[in-house]
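Good morning. I have one structure to go through today, and I will keep to what can be read from its atoms.

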Amino acid sequence: MILKIQWKALFLSLLISMGVGGLSAWITSGGMPLYEELAKPPLSPPGWLFGVVWTILFFLMGISSYIVYTSDSPKKGTALKLYAVQLAVNFFWPILFFNLRLYWPAFSWLILLWILIIGMIARFSKVEKWAGYLQVPYLLWVTFAGYLSFSVALLN
């Protein structure tokens, strides 16, 4: 099977996901020094790791959304709408946590994001299995972020 890449669609898909992640990171860039000062639970990674992991995850979101967008599936519209909603929810979590320091509301927001990611994986998988599989690391990271968020809320 020869794979024909639709370069404009791929670029746009990556631009959307990486743009949302980059804008959110830029808006909350002053929050990492604060994070370093917080009481944190065991297994807390160093602050620099967050940028690395989130960059990879937003890249995978872009690839995954591209796979869905370029499919012939009649289910792709619903999947992409759910993707957009979870992307918006993802955008606001670090603002709640880092900028506003609303740790308990941020944790609740993260639960909403987690539920949306599960829904997105299910919808993407109905369009193309690999589009769903590419989101499993995202779900795992947000699960770990939930542990960190809950712990920070408890400890601070």
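I will start with the whole chain, then take some helices, and end with a few single residues.

Please keep in mind that this is a predicted model. The secondary structure comes to seven helices and zero strands. Along the sequence the pattern reads α-α-α-α-α-α-α. The radius of gyration is 16 Å, close to the 15 Å that the globule rule gives for 156 residues, so the protein is as compact as a globular protein of that length. The C-alpha trace spans about 50 × 25 × 25 Å along its principal axes.

Now for the inside and the outside. Buried residues make up 44% of the 156 residues. The accessible surface comes to about 8800 Å², and 74% of that belongs to carbon and sulfur atoms. As for charges, there are 10 positive and 4 negative ones, and the mean positions of the two groups are 12 Å apart.

How much of the contact count comes from residues far apart in sequence? Among contacts with a separation of 6 or more, residues 24 or more positions apart account for 78%.

Next, the helices. Helix α1 covers residues 7-27. Its 21 residues should span 30 Å at 1.5 Å a residue, and its end C-alpha atoms are 29 Å apart, which agrees. Which residues of α1 are buried? They are Ala9, Leu10, Ser13, Leu14, Ser17, Gly21 and Ser24. The cover over these buried residues of α1 includes α3 and α4.

Helix α4 has 24 residues. From its first C-alpha to its last, α4 reaches 35 Å, close to the 34 Å expected.

Helix α7, residues 136-155, has 20 residues. The distance from its first C-alpha to its last is 29 Å, close to the 28 Å expected at 1.5 Å a residue. The buried residues of α7 include Tyr138, Leu139, Trp141 and Val142. Further along α7, Leu148, Val152 and Ala153 are also among the buried residues. What covers the buried residues of α7? The cover includes α2, α3, α4 and α5.

One residue of α7 deserves a separate look, and that is phenylalanine 150. Is phenylalanine 150 buried, exposed or partly exposed? Buried would need a relative accessible area under 20%, and exposed one over 50%. Phenylalanine 150 has 34%, so it is partly exposed. Leaving aside neighbours within four places in sequence, phenylalanine 150 is in contact with Trp104 and Phe107. The C-alpha atom of phenylalanine 150 is separated by 9.6 Å from that of leucine 110, which is 40 residues away along the chain.

Two residues stand out for their backbone angles. Most residues other than glycine have a negative phi. Leucine 43 is not a glycine, yet its phi is positive, about 75°. The residue sits in the loop between α2 and α3, and at 69% relative accessibility leucine 43 counts as exposed. Arginine 101 is the other case, with a positive phi of about 55° although it is not a glycine. Arginine 101 is found in the loop between α4 and α5.

Last, three residues with a distance for each. Glycine 119 is found in helix α5 and counts as partly exposed, at 22% relative accessibility. How far apart are the C-alpha atoms of glycine 119 and asparagine 99? They are separated by 28 Å, with the two positions 20 residues apart along the chain as the sequence distance.

Glutamate 128 lies in the loop between α5 and α6. With a relative accessible area of 33%, glutamate 128 is partly exposed. Its C-alpha atom is separated by 24 Å from that of valine 53, 75 residues away along the chain.

Glutamate 37 is in helix α2. This glutamate 37 is exposed, with a relative accessible area of 68%. Between the C-alpha atoms of glutamate 37 and lysine 8, which are 29 residues apart along the chain, the separation is 43 Å.

To go back to the start: the model is predicted, and its secondary structure is seven helices and zero strands. That is the end of my part.

Key. Residues are numbered from 1 along each chain as its sequence is written. This is a predicted model: local features need pLDDT of at least 70, side-chain atom pairs count only at pLDDT 80 or more; totals for chains, interfaces and linings use all residues. Side-chain values use heavy atoms; hydrogens and water are left out. Helices (H or I, at least four residues) and strands (E, at least two) are DSSP runs, numbered from the N terminus. The expected span of a helix is 1.5 Å times one less than its number of residues. Buried means under 20% relative accessible area, exposed over 50%, partly exposed in between (1.4 Å probe, protein chains only). Contact means heavy atoms within 4.5 Å. The radius of gyration is taken over C-alpha atoms; the globule rule is 2.2 Å times the number of residues to the power 0.38. Accessible areas come from the Shrake-Rupley method with a 1.4 Å probe; for residues, only the protein chains shown count as cover. Lys and Arg count as positive and Asp and Glu as negative; His and the chain ends are not counted. The place of a charge is taken as NZ of Lys, CZ of Arg, CG of Asp or CD of Glu.
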